[in-house]
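Reader: I've got a few "how do you know" questions about this one. Mind walking me through the reasoning?

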Amino acid sequence: MKFLLYHAREDELVAVKDWMKTHPDVQVDTNDVPLTEKTVELAKGYDGIVIQQHIPVDSPKIYQRLHEFGIKQLTLRITGYEIVDLKQAAENHLVVTNVPAYSPRSVSELVLAHVMTLVRHLGITKARQAHHDFTWGGLEANEIHNLTIGIIGAGKIGSAVARIFKALGATVIAADPIHRPELGDTLTYTDHETVYKTADIVTMHTPLTDENHHMIDKHVFKMMKPSAFFINASRGPVVVADDLVNALETGEIAGAGIDTIEGDSQIFSQDWSNKQLDNPPLEKLLTMPNVSVSPHIGFYTDAAVANMVEIALDDVLTIVQGGTSRHQVTE
């Protein structure tokens with residue numbers, strides 16, 4: 001059998017080679033381009049394909065050609081599957097899968113890093129020290145164990161976040177339609193409004209769906225405490241970016257930790273040195289000392305990268321051999 005990994009990064013190649021060692025009957029080839037109408041022809045002659053990209057797979061021709069090539073699946077080695085036209089995939093008998101949980105700790109540990117940066121005012125400290133100002137005014141910090149952490153979306157990643165902060169002694173509350181009994185000693189379930197109004201840290205861990213698009217807007221920020229910090233390590237479009245900037249500028253919230261923002265797919269993971277960013281909210285956030293920005297690297301750890309490749313390739317093999325993947329996504 002032969003599989004093709006589209007848009008492979010250098011850091012993924014070790015995991016690909018390791019997977020092939022345990023599956024000697026499968027050849028996995030890679031390229032460095034995303035799946036588009038122009039590159040779909042590269043899939044000809046392969047039994048299965050794997051993709052990871054921000055560019056939408058929106059051309060009907062892509063799905064038609066994959067079906068004509070005899071390919072039965074379209075596997076993503078990422079969590080977000082909004083780039084795929086699920087209707088087109090179904091019409092062309094393509095099973096779509098993703099990697100819903102590659103390493104929950106990877107994202108949760110980045111959330112912790114953002115929170116500590118904000119709570120200890122390290123961004124403000126760094127901005128002052130750039131001018132040799134080493135004064136202490138305004139830098140007195142809260143201790144984590146005295147804070148309430150509010151989680152929106154307590155799935156695999158959100159629950160990992162909950163466990164980290166519970167271990168640090170914080171009070172953890174969460175809003176999620178699914179109440180997991182195993183989290184009974186870790187967090188208390190409540191509603192969204194209570195999280196927004198009472199949490200000292202509000203951290204997002206929801207998927208991007210039609211219902212969640214722009215769910216965090218000016219009305220939510222007005223509910224939050226002026227001393228609260230907002231964290232988004234989920235999907236950029238769940239937040240109205242302009243409303244976040246306004247909330248920070250007007251002091252409705254104390255600060256923010258951002259690993260993703262609407263429109264970042266054209267910016268993050270690329271070198272924009274000496275170029276104008278085509279994202280005004282991001283440009284503004286980057287100038288604020290009470291904002292911690294990372295370029296969508298919550299997933300980017302050695303363990304997570306290996307898991308994403310391995311899980312995706314396992315799914316391709318399962319489907320090609322006539323089995324059913326537990327990671328299948330549908331409309």
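Author: Sure. One cut-off up front: contact means heavy atoms within 4.5 Å. And keep in mind that this is a predicted model.

Reader: With that in hand, what is Glu249 in contact with, leaving aside its neighbours within four places in sequence?

Author: Lys284 and Met288 are the contacts of Glu249 once those neighbours are set aside. Glu249 itself lies in helix α9, which runs over residues 241-249.

Reader: Why is Glu249 called partly exposed?

Author: Its relative accessibility is 48%. Buried means under 20% and exposed means over 50%, with partly exposed in between, so at 48% Glu249 counts as partly exposed.

Reader: How many cavities of 30 Å³ or more are there?

Author: The count comes to 1 cavity at that cut-off. The largest cavity has a volume of about 40 Å³.

Reader: What makes a set of grid points a cavity rather than a pocket?

Author: In a cavity a 1.4 Å probe fits but cannot get out, whereas a pocket is an open set.

Reader: Which residues line the largest cavity?

Author: Asn232, Gly236, Val239, Ala241, Leu244, Ile258, Thr260, Ile261 and Glu262. That lining divides into 5 nonpolar, 3 polar and 1 charged. Gly counts as polar here.

Reader: What does the UniProt annotation say about residues 9-329?

Author: The unreviewed entry gives "domain: D-isomer specific 2-hydroxyacid dehydrogenase catalytic" for residues 9-329. Over that range the chain is 34% helix and 14% strand, with the end C-alpha atoms 24 Å apart.

Key:
Residues are numbered from 1 along each chain as its sequence is written. This is a predicted model: local features need pLDDT of at least 70, side-chain atom pairs count only at pLDDT 80 or more; totals for chains, interfaces and linings use all residues. Side-chain values use heavy atoms; hydrogens and water are left out. On a 1 Å grid over the protein atoms alone, a cavity is a set of points where a 1.4 Å probe fits but cannot get out, and a pocket is an open set with protein on both sides within 12 Å along at least five of seven lines; lining residues have an atom within 4 Å of a point. Grid points are joined across faces, edges and corners, and a volume is the space filled by probe spheres set on the points. Helices (H or I, at least four residues) and strands (E, at least two) are DSSP runs, numbered from the N terminus. Buried means under 20% relative accessible area, exposed over 50%, partly exposed in between (1.4 Å probe, protein chains only). UniProt positions are given in the numbering used here, feature names are shortened, and annotations may be inferred rather than shown by experiment.
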